[in-house]
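Reader: I'm in my first year and still learning to read protein models. Could you take me closely through one part of this one, and then show me how that part sits in the whole?

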Amino acid sequence: MTLIFATNNENKVREIRQALPEAFEIISLKEAGILKDIPEPFDTLEENATEKSTVIHKMTGKNCFSEDSGLMVTALDGAPGVKSARFADGEPEYASNTDKLLHLLKDTQQRTAHFKTVISLIINAKELQFEGICTGRIATEAQGTNGFGYDPVFIPDGSDKTFGQMSLEEKQEFSHRKKAVKKLVVYLKESMQV
Ligand code: ITT
Ligand code: NA
């Protein structure tokens with residue numbers, strides 16, 4: 001089965017493609033020739049995920065899914081959370097989102113955090129959501145260059161390495177995104193009886 005993936009993030013495309021069994025084909029917005037920056041105006045991952053899939057479903061009339069993800073840091077009361085992609089926007093004193101995060105946490109021992117992904121699937125004009133969570137902690141410095149976003153500063157529970165130090169295959173053993181994709185696949189297999 002083929003689904004449009006309503007995202008402009010090529011790293012998400014790569015990770016989800018790797019996590020899906022062969023029977024599922026995904027087409028990114030770029031591959032579908034859709035140039036669209038979808039706003040994320042809401043305060044929850046759930047609402048933003050729904051917005052992204054709904055916009056693309058209305059545009060194409062096709063089965064599609066989106067995902068909204070964020071990093072919730074305990075010592076920052078859950079920030080950057082839904083604003084993870086835009087955490088350091090408008091603050092030129094920080095070189096990057098991870099730079100800002102490490103700066104805010106530099107004097108704190110409380111480093112627990114979790115990633116969360118919410119997938120919004122629209123199939124036969126009906127919406128369903130699937131979530132995945134990965135608990136862990138924020139490293140004291142960036143390590144590794146693999147992955148994207150906050151990967152160099154996030155150490156999942158059960159590992160001593162950051163996601164940035166892992167191959168994609170290793171990251172998938174812990175990944176919030178992979179956990180959400182697994183639930184999506186269970187649903188699609190059941191509903192398609194494949
Ligand atoms: P789309 O909305 O087009 O899908 P985006 O990058 O804007 O792409 P989000 O709004 O969901 O995606 O923002 C999530 C941000 O959280 C993302 O840009 C990264 O900075 C961070 N993030 C999400 N998942 C991550 C992961 O697995 N590893 C590291 N950082 C991640
Ligand atoms: Na986004």
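Author: Happily! Let's start with Asp68, which UniProt lists, in an unreviewed entry, under "active site". The same residue, Asp68, is also listed there under "binding site" (unreviewed entry). UniProt positions are given in the numbering used here, feature names are shortened, and such annotations may be inferred rather than shown by experiment.

A word on what you are looking at. This is a predicted model, in which local features need pLDDT of at least 70 and side-chain atom pairs count only at pLDDT 80 or more, while totals for chains, interfaces and linings use all residues. Residues are numbered from 1 along each chain as its sequence is written, and chains are lettered from A and ligands numbered from 1 in the order in which they are written.

Now find Asp68 in strand E3. Helices (H or I, at least four residues) and strands (E, at least two) are DSSP runs, numbered from the N terminus. Is Asp68 buried or exposed? Asp68 counts as buried because it has 25 C-beta neighbours inside 10 Å. The cut-offs are these: a residue is buried with 20 or more other C-beta atoms within 10 Å of its own, exposed with 12 or fewer, and partly exposed in between, with C-beta atoms placed from the backbone. Setting aside residues up to four places away in sequence, Asp68 touches Glu40, Leu45, Asn48, Ala49, Lys52 and Val118. Such a contact requires the C-beta atoms, placed from the backbone, to lie within 7 Å.

Strand E3, residues 64-73, also gives the most to the shell around ligand 1, with 4 residues. In total, 20 residues surround ligand 1, and the closest are Thr7, Asn9, Ser84, Ala85 and Gly149. By type, the shell holds 6 nonpolar, 9 polar and 5 charged residues. Here Ala, Val, Leu, Ile, Met, Phe, Trp, Tyr, Cys and Pro count as nonpolar, Asp, Glu, Lys and Arg as charged, and the others, Gly among them, as polar.

Next, look at Glu46, in helix H2. Glu46 is partly exposed, with 16 other C-beta atoms within 10 Å. Beyond residues up to four places away in sequence, Glu46 touches Val118 and Gln129. Glu46 and Gln129 are 83 residues apart in sequence, yet 7.9 Å apart in space, C-alpha to C-alpha.

Finally, step back to the whole protein. There are 5 helices and 7 strands, following the pattern β-α-β-α-β-β-α-β-β-β-α-α along the sequence. Buried residues make up 37% of the 194 residues. The largest nonpolar core has 21 residues, and among those with the most contacts inside it are Ile4, Phe5, Ala6 and Cys64. A nonpolar core is a set of buried Ala, Val, Leu, Ile, Met, Phe, Trp, Tyr and Cys residues joined through C-beta atoms within 7 Å. Strand E1 (2-5), helix H2 (45-60), E3, strand E5 (112-123) and helix H5 (176-192) each supply at least two residues of this core. Apart from this core lies another, of 17 residues, including Leu71, Val73, Phe115 and Ile138.

Note on methods: Near = placed C-beta within 6 Å. Contact = placed C-beta atoms within 7 Å.
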